Amino acid sequence: MNQFDLIVVGSGPAGRRGAIQAAKLGKKVLVVEQGKRVGGVSVHTGTIPSKTLRETALNLSGWRERGFYGRSYRVKQEISADDLRRRLIITLNHEVEVLEHQFARNRVQHVRGRASFVSPTTLEILKDDGESIPVSATSILLAVGTKPFRPDYIPFDGKTVIDSDELLDIGELPRSLVVIGAGVVGIEYATIFSALDTQVTVIDPKTTMLDFIDKEIVEDFTYQLRDRNMKLNLGQKAEKVERLEDGKVLLTLDNGRKITTEMVLFAAGRIGATDALNLPAAGLEADSRGRLKVNPETFQTSVPNIYAAGDVVGFPSLASTSMEQGRVAARVAVGAIAKEPQKYFPYGIYAVPEISTCGLSEEEVKERGIPYECGIARFRETSRGHIMGLDSGLLKMIFSLKTRRLLGVHIIGEGATELVHIGQAVLNLKGTVEYFVENTFNYPTLAEAYKIAGLDAWNRMGEIKTA
């Protein structure tokens, strides 16, 4: 009864996609989840909660309508933490129900408990009631995800000094917030709270942020944040964080500057949740950040029958790519053919405003020595942009002068994470600038920005020279 073809540890995007894929291939699959409900970090503290929080904040604050009605416009005058949490609970319950139904429909068994290795093929599952269950499998897929990095010098208390997991349980919205860390998680939450009219300060020791994003997009993003009075203290480190008697928090930066705030969110990195797996018993070793090294094509670890996928293997740490990694890993683990994934995948940052990118940035194109041309469209140039009251947002495309093929698409603004898929499809299908010039887009739409940007580039590239 305790022998399986595949055991999956973790039920986040990589785990659930891998488990269901193996089950669809007729394999006996067990999913082990230590959380109270299935779904992993993605459903309960990461992807879904942060995006739900963002949508709720934008709706209740009237953010999207302020272009027409002014900055003082609000749908709900007094927004509370309970207002945000109410929608979050409904969304999470739905996500869990869908996942549980998928497991049941595909006959994937799942058990709640903490898994640890006994050998490369055997795990011990410790349940909440103290019962210990040994289980074995031909292959094991580790999809345990990550957890917030919590350094000793930060006095976390779950109320005024918190990590990104604890943010979802705050009692009331702060009037001021300092976010330590200008990575994706920190920037997303910083901009969400800024949209709720919280005074936000971001601190990061690096002098730049979001370095993997096209520099022109980051510059536009930075301008928008500063335009709404967000403070970006880049190139500065928080050396000391102290809780004061009046309930506020005092931060001392390495340049001597002091900042007092109602709440501090520490979001400077995450670590792989591998510490409880007893990896040495399986012949595995995690790096200093708790991550596992894998073959990027098969997601096989150094132990042949053990695979790892999702955030625990590092960059790009996206729910979307984690799902595909889990699916590929499961296919390889059960002996099925796994096709090589498409070369280009989109990266989405659900900040306010959204950013999404696919393909090469202008900096990468320059580094490769590729002659190129750019086309840019601003959302305010589109009729739909006027209808929506947008005064910001742009779409940028990069084309090869030699082949005329699209090399990269970069978008900032409303709907960026949806719009990017048009560019992704053209990239993977090796389309050229002519596709955007000659194609018909619905009117009025923001997607029409593709034609505007395509024409912008085409005007400088000229027509194809024929013999």
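Biologist: Which residue offers the backbone oxygen that the side chain of Thr261 reaches at 3.2 Å?
Modeller: This is a predicted model, in which local features need pLDDT of at least 70, side-chain atom pairs count only at pLDDT 80 or more, and totals for chains, interfaces and linings use all residues. Residues are numbered from 1 along each chain as its sequence is written, while side-chain values use heavy atoms and leave out hydrogens and water. The rule here is the polar contact: a pair of N or O atoms within 3.5 Å, where, within protein, one must be able to donate a hydrogen and the other to accept it, and residues adjacent in sequence count only if both atoms are side-chain atoms. The backbone oxygen at 3.2 Å from the side chain of Thr261 belongs to Met263.

Biologist: And whose backbone nitrogen does that side chain of Thr261 reach?
Modeller: Thr261 sits in strand E14, residues 258–261; helices (H or I, at least four residues) and strands (E, at least two) are DSSP runs numbered from the N terminus. The distance to the backbone nitrogen is 3.4 Å, and the residue is Leu177.

Biologist: Does Thr261 count as buried or exposed?
Modeller: Buried means under 20% relative accessible area, exposed over 50%, and partly exposed in between (1.4 Å probe, protein chains only). Beyond four places in sequence, Thr261 has contacts (heavy atoms within 4.5 Å) with residues including Ser176, Val178 and Lys248. Because Thr261 has 2% relative accessibility, Thr261 counts as buried.

Biologist: Where does Gly183 lie, and between which strand and helix?
Modeller: UniProt, in an unreviewed entry, lists Gly183 in a "binding site" together with others, among them Gly181, Glu188 and Gly269. These annotations may be inferred rather than shown by experiment; their positions follow the numbering used here, and feature names are shortened. Gly183 lies in the loop between strand E9 (176–180) and helix H6 (184–195).

Biologist: Now Glu188: does Glu188 count as buried or exposed?
Modeller: Glu188 lies in helix H6. Leaving aside neighbours within four places in sequence, Glu188 touches Ser50, Lys51, Ile349, Tyr350 and Ala351. Gly183, at 31% relative accessibility, counts as partly exposed, whereas Glu188, at 6%, counts as buried.

Biologist: What area is buried between domain 2 and domain 3?
Modeller: An automatic or database assignment sets the domain bounds: domain 1 (2–148 + 271–334), domain 2 (161–268) and domain 3 (353–461). Buried area is the accessible area (1.4 Å probe) that two parts lose on being put together, summed over both. Carbon and sulfur atoms give 63% of the area between domain 2 and domain 3, which is about 1,100 Å².

Biologist: How far apart are the closest N and O atoms in the salt bridge of Lys396 with Asp214?
Modeller: A salt bridge puts a side-chain nitrogen of Lys or Arg within 4 Å of a carboxyl oxygen of Asp or Glu. Across the interface of domain 2 and domain 3 this rule finds two salt bridges. For Lys396 and Asp214, the closest N and O atoms are apart by 2.9 Å.

Biologist: Last one: how far apart are the end C-alpha atoms of residues 346–451?
Modeller: The unreviewed UniProt entry places "domain: Pyridine nucleotide-disulphide oxidoreductase dimerisation" at residues 346–451. This span is 32% helix and 27% strand, and its end C-alpha atoms are separated by 20 Å.
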